[in-house]
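Could you walk me through this model in the viewer? I'd like to know what to select next and what I'll find there.

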Amino acid sequence: MNELEDFRREVAAWFRENRPAEPDFLLPESFMEVGSDAQFAYLRDWQRKIYEAGYLGMAWPKEYGGGGKAQAFQDIVNAEMAAQKVPFVPNTIGLNWAGPLILAIGTEEDKRRYIKGILNAEDIWCQGFSEPDQGSDLANSQTRAVRDGDSYVLNGSKIWTSLGTYAKYMILLARTNPQQPRYEGLSYFLVPMRTPGIELQPIRKLTGEYGFTQTFFRDARIPAASLMGKEGEGWKIAMLTLTFERGATGGQAGGVSRVALGLGDVVEMAKTARRDGRPALEDPFIRDQIVRFAIEDRGDQLCRARAEIPALCAERPNAIPLSNKLRVSEHRRRLLRFALSLQGANAARWVGDADATGGGKWQRAYFNSFSSTIGGGTSQIQANIVGERVLGLPKD
Amino acid sequence: MNELIRFSDEQAMLLETASAFCREKSPIHAVRALLGSDHGYDRGVWEEIVALGWPALAIPENFGGSGLSLAEAAAIAEPMGRHLMAVPFASCQIFVAGVLAGADAALQAAVLPRIAGGAIGTVALFEQEGDWSLTAGEAFGARDGETVVLSGAKTFVCDAAVAGFVLVSFVLDGAPALAVLTEIAPERLRREIVIDETQRGYRLDLDGISVPMSKIMTGTRALAALDAVRDAALLLNAAAAAGGIAGVLDVTVEYLNTRTAFGRKIGSFQSLKHTCAEILVGLERTRSHVWHAASVLGSNQDAEIALRMAKTEAGEVFTFAGDRAVQFHGGFGFTFDCDAQLFLRRALWLEYSFGDGAHHRRWLADLLLA
């Protein structure tokens, strides 16, 4: 116990001393929002520095570049990063998805080739699950992978690829057998992005930034060894990818992957924002609004706790999980819109203006919040799902 | 493992038993049959409840109770709310909470075994102005030797006509005080006409009631009792509302799955379906707040925040759900025969008892925002 306490002090001091200087541009809130070379370079350098200090992948095996320590050490680092609100580490798909998967089911060669580059941010990873025409139905992936000798030949396209322009590898869900039922026909690949026939088209977001790409595969030929597991196991492996949280070997590498604005930041802003010459936080209407958000916020946190108690979910066991995205994403969108209103006339400024509150991060965060109310099934589809699958109302 | 919500096997068992009991004993036709009755509840059902030991759940074992707490009582209040069961259960629990927190040993010994034996207790806190503050009342007591003579009147004294004990708040020497009254003369009570016809509220005339000091709580004891009364009322009210939301959502969903218009089941229309989803979201958040509040009851400031949040969420969601239930039943919803109005009336009754959302948010703002 003492060893962990000493370690906590060491880590806290390290992050205080090594926190990178504030950049002269606005940082993104997560890897999904990295929109410029300057943002990317800043965050990649930050990840490398943390790794070199020994604070990333602490519970991953030493022989592949990890720290070979107990998960408890990494948990301390994660908690300290969150507490000090230091910038996040950008190689999220590698650290939290691809890396744990490779450690769990990859070959010895895979582990030697990929793990260290994931940790030191030399090799950025992206994810190729969503497609332009499938909406939120992942199992409907149409991108094809056809075995041809020692290669697979890829054709099709993936969309909403975060870090697509910077990625060296992609985890890809593609259809190897269109004759089989939709789940069984899918396979899972680790794709080298710098392959002839893979082309990227940046997508400009409503914020004006370039944060995603659409990825096109046109007879792109990748080594057969890129296949994870066996053909037809793609869906199973994709689901496995989603289960890595914390734990010993095979758990996520750690590091904070998101520094998002929340209710606490709104309260802080309300102390400096003004209403009729007084702090906005003294305005009874604003106080009432903030408490409304606090009750919702707390309610969602408590729903996560209640979901673990079967006796309190007996009647509709799927109610909390199936309403989660709707509750949380809509709450956040409304909270951020409220945060704009707190700024008074300054609400109408945008990123880059010298007088914008917080450099315009609230305006940008509000616009980016639509990625959660739209992506992965819009709120309107989520409400249909809740109505039909939780309450048993008829379909259209 | 779970620090935010604890739910014991005992609570789970009570929730299951009480759900089955209320479903069987309080079908909607039975609820309607009691609307015009004198006391609003079925004596036979209440006797069964007493036999099950539910009114005495939170009474210590040495006074004949089960030695459990309000967290267990909430597991009974929720299904009672769901089935609109009207019995003096909450009145008794709130009364007991006040006595346990503020009465001395002798007074507890005089009162609690009687409640455990089936007597009914209730609380008299509010006055004509309708202020929800528990310390703003004007009823007062004047000392007369070893007794105190009360003046003023209380309102919304639930189940007063059948209560053997009434815990009444008043001002004594300029500070809040409470007295346990027994044997209220019928002529001191005037039945109020209240929005929820399943409930029975009374105006209680205090003028000239003489109470011995042995039945009076003052100083910090009185304040502790008032806090305990408020906490108990908020928890049981919110739990009943959580049950009510689930009940009215069932009524609505069943109608939307049956009624046809423009050639399709009306539940397939997204404007109705999405509103039901919104109510379901409110129900899930409400139940989470309620069971968290039950878990932290008795832990001072955390409990106050949790209880006020639970009351706010439960009250507003239930009223919204009742309001939409009437609307979604269309023309039928405008009639007395539609059950939606029963739930809307219960929702309004609960929301405007012990403070609505705006009231509690103001207190929460001070607790959370400094």
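Start with the contacts in chain A of this predicted model: take the pairs at least 6 apart in sequence, and 69% of them join residues at least 24 apart. If you can draw a contact map beside the viewer, that is the share to look for in chain A.

Keep chain A selected and switch to cartoon. You should be able to count eleven helices and ten strands. Now show just the C-alpha trace and turn it along its principal axes: chain A spans about 75 × 60 × 50 Å. How does the radius of gyration of chain A sit against that of a compact globule? For 396 residues the globule would come out near 21 Å, and chain A has 22 Å, so the two agree. Next, colour chain A by burial: 43% of its 396 residues are buried, with 20 or more other C-beta atoms within 10 Å as the cut-off.

Hide chain A and select chain B. The cartoon here gives twelve helices and twelve strands. Go back to the C-alpha trace, and along its principal axes chain B spans about 80 × 50 × 40 Å. The radius of gyration of chain B is 21 Å; a compact globule of 370 residues would be near 21 Å, so chain B agrees with the rule too.

Colour chain B by burial as well: 56% of its 370 residues count as buried. Last stop, the contact map of chain B. Which share of its contacts between residues at least 6 apart joins residues at least 24 apart? In chain B that share is 76%.

Notes. Residues numbered from 1 in each chain as written. Chains lettered and ligands numbered in written order. Predicted model: local features only at pLDDT ≥ 70, side-chain atom pairs only at ≥ 80, totals over all residues. Helix = DSSP H or I, 4+ residues; strand = E, 2+ residues; numbered from the N terminus. Rg over C-alpha atoms; globule rule 2.2 N^0.38 Å. Buried ≥ 20, exposed ≤ 12 C-beta atoms within 10 Å, placed from the backbone. Contact = placed C-beta atoms within 7 Å.
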